[in-house]
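The exercises below are intended for a reader meeting this structure for the first time. Please attempt each task before reading its solution.

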Amino acid sequence: MKKVNENNNKLNNNWFKDIVVYQIYPKSFYDFNNDGIGDLKGIEEKVDYLKYLGVDAIWFNPIYKSPQDDNGYDISDYYNIDEMFGNNEDLFRLLDIFHKNNIKILMDLVMNHTSYQHYWFQQALKGKDNPYRNYYVWAKPKNGKEPTNWKSIFGGSAWEFDPVSEEYYLHYFLKEQPDLNWKNQEVRDEFIKIIKFWLDKGVDGFRLDAVNVIGKPDKLEDFKNPDDIQNYHNYPITFDYLSEIYEKTFKKYNVFVMGEVAETTVDLANKITSSKKKCMDAVIHFEHMKIDRNENMERFEKRSVDVEKFKKIIKNWNTNLNEDAWTTWYWGNHDWDRAISRFGNVEEYYLESGKMLATILLTLKGTPIIYQGDEIGMTNCAFPSIDEIRDKESINYYKLNIEKENKDVLLDKIKSCSRDNSRTPFQWDNSDYAGFSKVKPWIMVNPNYLKINLKSQIDDNNSILNYYIKMIGIRKKYSNIINFGSFELMGENIKDLLIYKREINNSSMIVINNFSSNYKEINLHDLLNNYCYNNCEIIIANYKISLKKLLFEKKIKKLPPFYSAILFTKK
Ligand code: TEU
Ligand code: CA
C-alpha cells in the first residue's frame, strides 16, 4: 500500500471548511503581566474560555517585533515575537497547549510592506548602491514633486521623500510602512524563508495581510482617478507572485491560508483559491463591508445598511463559488467599528440583533470568523475626545480634515467609524478595567463594561454569548448542509427580510431573519411552502414567541424586529 504522508497530502486537506475561526487582537485580549498591554501568556491563560466557546482555530493579529506605528502591521523583525507580547518560547508553549486542546493557530503575515525600522529598509536608506535598495520601490521626483499622484490608503500621498538619496519611496499605507518590491526575486525568497520558519515550528496557517496589493502597476504613472481604490488592487502579476509562494511553501504543509483581498469578486476568488493556480485556500473578501459605505469604502463616510445589497452579495457568493474554491465570512475585525453597532440596533434590540448576526454568520458557505468580543455583544466606544484615539489612520483623518470640517462633526465621524472601536480591551467582568488588566490599558476600556461583560453572560441563558455557543455547535453539526448545500433566497423581494434555504441530499434548513428594526407582516406558512407541515424542527430562535403560530397558521403575522430562527427537516 502507498504510504500517505499526512503533511504532504494537501489534496484531501479540507479541514478548514469545517472550522470556526476566532480572531484575537492580542494587544486587547488579556494582560497577564499587568503592564496595560495584552500578551501571549494572557491568551494562554484563557484557553479554557476558547474551548468553552467551541472555536477550532485562532487567528492572531501580528505579534512580531514592531515599533507599533500600525499596531504590529509594521514589522521590524519577522522571526521574533515582540517583547510586549512575550517571546518565541511563549508562542511555542502556547502552540503546544492549544494543540493539546485541539485548537489551531493562524498567524498574521504582512508581505506588502515592512516597518521603516526593519533592517532591510534601514540598509536601503544608506544609498542607491546598497544591496537592499531594490527591496523597496523608489522613484525620482517629477518636477520637484511626488513621482505620481498615487494616494495612501490611510490618507495623503503614497510617496515619501528621502532627503539623502533625493528619491521617493512608495507606501500604500503609513509612511512608516514602506512597500516592498515584489518584482525582486530576493524579496520573494525572503518570504519563502519566513513562512517555512513558522510552519516548521508548528503554526497551522496564516492570514495574509492586504495581499492583493503586492503587485504594482508596470509603470509608475499618474492614475486618472487616484481616489479610486481599484487602481491599487489585483494586478495579475500579484497572483503570479502568490502562486509561486503557495507552490514553494503552503502546498507542502497541511495548513490553512486565508488572504485578505479587498476589491475581490466571486470570479476572482474562483481563480485564486481553486487548484489551477492556487494562491490561498480562502479569501477574506470585502463585498459585504460595503453595505454601509460607498463603493470606495471610505472609512469615515457611513450610510444606512443596505440589506437588499447584502442579499445580492450572499446569494452570489453562496451560489457562484466553484466547488474547489473557498471564502470566509465575518461581520467585523480590527479594521471596522463593532458589528452590532454597525449592523444591529444597540439601543432598542441589542440582544435580538446581536443574535441575528450570529445566525447569519454561521449559516453561510465559507469559514466563519468571529471577532473577539462580538460573541458578548461588545459595542462601539463613546471616545470622549481625539486624545483617546490611538489609531494613526483615524488621527491622520482628523489632522487632514480639521481645517475643513467642524471639530464636533469630525469627532462624531471618528467615534462612529474608527477602527479603535473594535480595539478596546475585551470585557471579562465588571471589575476595574473590565478585568483585562490591573493597570490603565494602552487604549481606553469601553465604559459600558459594567453592563456588557463575559462574566455576567455565562449563566444567563438569554445572553448573546450563549446564543453564539449554541450557533457554533449548530455550525459544526450541520456543516455538510452549510458548506456544500444549495442556497436559495425565499421572499427575495420582501424588503429587509432575509430568508434562505440550504439543502443537501434529503436534509434542508431554512434560516429566517428580519434584518430590520421594524415588524414585518408576513404569511410565513405560504412563503415557506408549508415547509413545516411535516416534522420540522426549530433548532434555534432568538425570540420566545410561539413559532407555531407564525409557521402553521395560514395568516399574516408580525415577524418582530431582528427576528432570527433556523428550521431543519429531514425527508
Ligand atoms: O488592512 C488592509 C486594508 O486596510 C486594506 O485592505 C484596505 O481596506 C483596502 O485596500 C481598501 O482600500 C490590513 C490590516 O488589516 C490593517 O489593520 C492594516 O492597517 C493594513 O493592512 C496595513 O498593514
Ligand atoms: Ca502585558
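A residue is called buried when its relative accessible area is under 20%, exposed when over 50%, and partly exposed in between. The model examined here is predicted.

**Exercise 1. Burial and an aromatic pair**

Task: Determine whether Phe515 is buried or exposed, and classify the ring pair made by Trp331 and Phe515.

Solution.
- Step 1. Phe515 has a relative accessible area of 3%, so the residue is buried.
- Step 2. Its partner Trp331 is also buried, because its relative accessible area is 4%.
- Step 3. Two ring planes over 60 degrees apart count as edge-to-face. The planes of Trp331 and Phe515 stand at 80°, with ring centres 6.2 Å apart, and the pair is therefore edge-to-face.
- Step 4. This pair joins distant parts of the chain, 184 residues apart. Trp331 belongs to the loop between S12 and helix H9 (339-343), whereas Phe515 belongs to the loop between strand S16 (507-514) and strand S17 (520-522).

**Exercise 2. Aromatic pairs across the structure**

Task: State how many aromatic pairs a search of the whole structure finds, and describe the one formed by Tyr132 and Tyr135.

Solution.
- Step 1. The search yields 47 aromatic pairs.
- Step 2. Tyr132 and Tyr135 make an edge-to-face pair, with 4.9 Å from centre to centre and 70° between the planes.
- Step 3. Tyr135 is buried, since its relative accessible area is 4%.
- Step 4. Both tyrosines belong to one aromatic cluster, whose members include Tyr64, Trp120, Tyr132, Tyr135, Phe191 and Tyr241.

**Exercise 3. The open sheet**

Task: Give the strand order of the eight-stranded open sheet and identify the strands that stand at the edges.

Solution.
- Step 1. The order is S11-S10-S9-S5-S2-S1-S13-S12, and the pairing is parallel.
- Step 2. Strand S11 (282-284) and strand S12 (328-330) each have a single partner strand; they are therefore the edges, and one side of each lacks a neighbour in the sheet.
- Step 3. From one strand to the next, the twist averages 25°.
- Step 4. Within the sheet, strand S1 (residues 21-24) pairs with strand S2 (residues 57-60) in the parallel sense over four bridges. The bridge partner of Ile24 in S2 is Phe60.
- Step 5. Helix H5 (residues 185-200) packs on the sheet and touches strand S5 (104-110) and strand S9 (205-209). The direction of H5 makes about 160° with that of S5.

**Exercise 4. The calcium site**

Task: Name the protein donors of the calcium ion (ligand 2), then compare the burial of Asn33 and Ile37.

Solution.
- Step 1. The donors are Asp31 (OD), Asn33 (OD1), Asp35 (OD), Ile37 (O) and Asp39 (OD), which lie 2.3 Å from the ion.
- Step 2. Their spacing in sequence is D-x1-N-x1-D-x1-I-x1-D.
- Step 3. Asn33 has a relative accessible area of 47% and is therefore partly exposed; Ile37, at 17%, is buried.

**Exercise 5. The surroundings of Gly354**

Task: Locate Gly354 and list its contacts beyond four places in sequence.

Solution.
- Step 1. Gly354 lies in helix H10 (residues 350-361).
- Step 2. Because its relative accessibility is 5%, Gly354 counts as buried.
- Step 3. With residues up to four places away in sequence not counted, Gly354 touches Ile340, Tyr349, Ile464 and Tyr468.

Conventions. Residues are numbered from 1 along each chain as its sequence is written. Chains are lettered from A and ligands numbered from 1 in the order in which they are written. This is a predicted model: local features need pLDDT of at least 70, side-chain atom pairs count only at pLDDT 80 or more; totals for chains, interfaces and linings use all residues. Side-chain values use heavy atoms; hydrogens and water are left out. Helices (H or I, at least four residues) and strands (E, at least two) are DSSP runs, numbered from the N terminus. Buried means under 20% relative accessible area, exposed over 50%, partly exposed in between (1.4 Å probe, protein chains only). Contact means heavy atoms within 4.5 Å. Two strands pair if DSSP finds at least two bridges between them. Axes are lines fitted to C-alpha atoms, for helices over the stretch in contact, and angles run from 0 to 180 degrees between N-to-C directions. Donors are N, O and S atoms within 2.8 Å of the metal (3.2 Å for Na, K and Ca); water is not among the atoms, so sites may look incomplete. Rings of Phe, Tyr and Trp (its six-membered ring) pair if their centres lie within 6.5 Å; planes under 30 degrees apart count as stacked, over 60 as edge-to-face and the rest as tilted.
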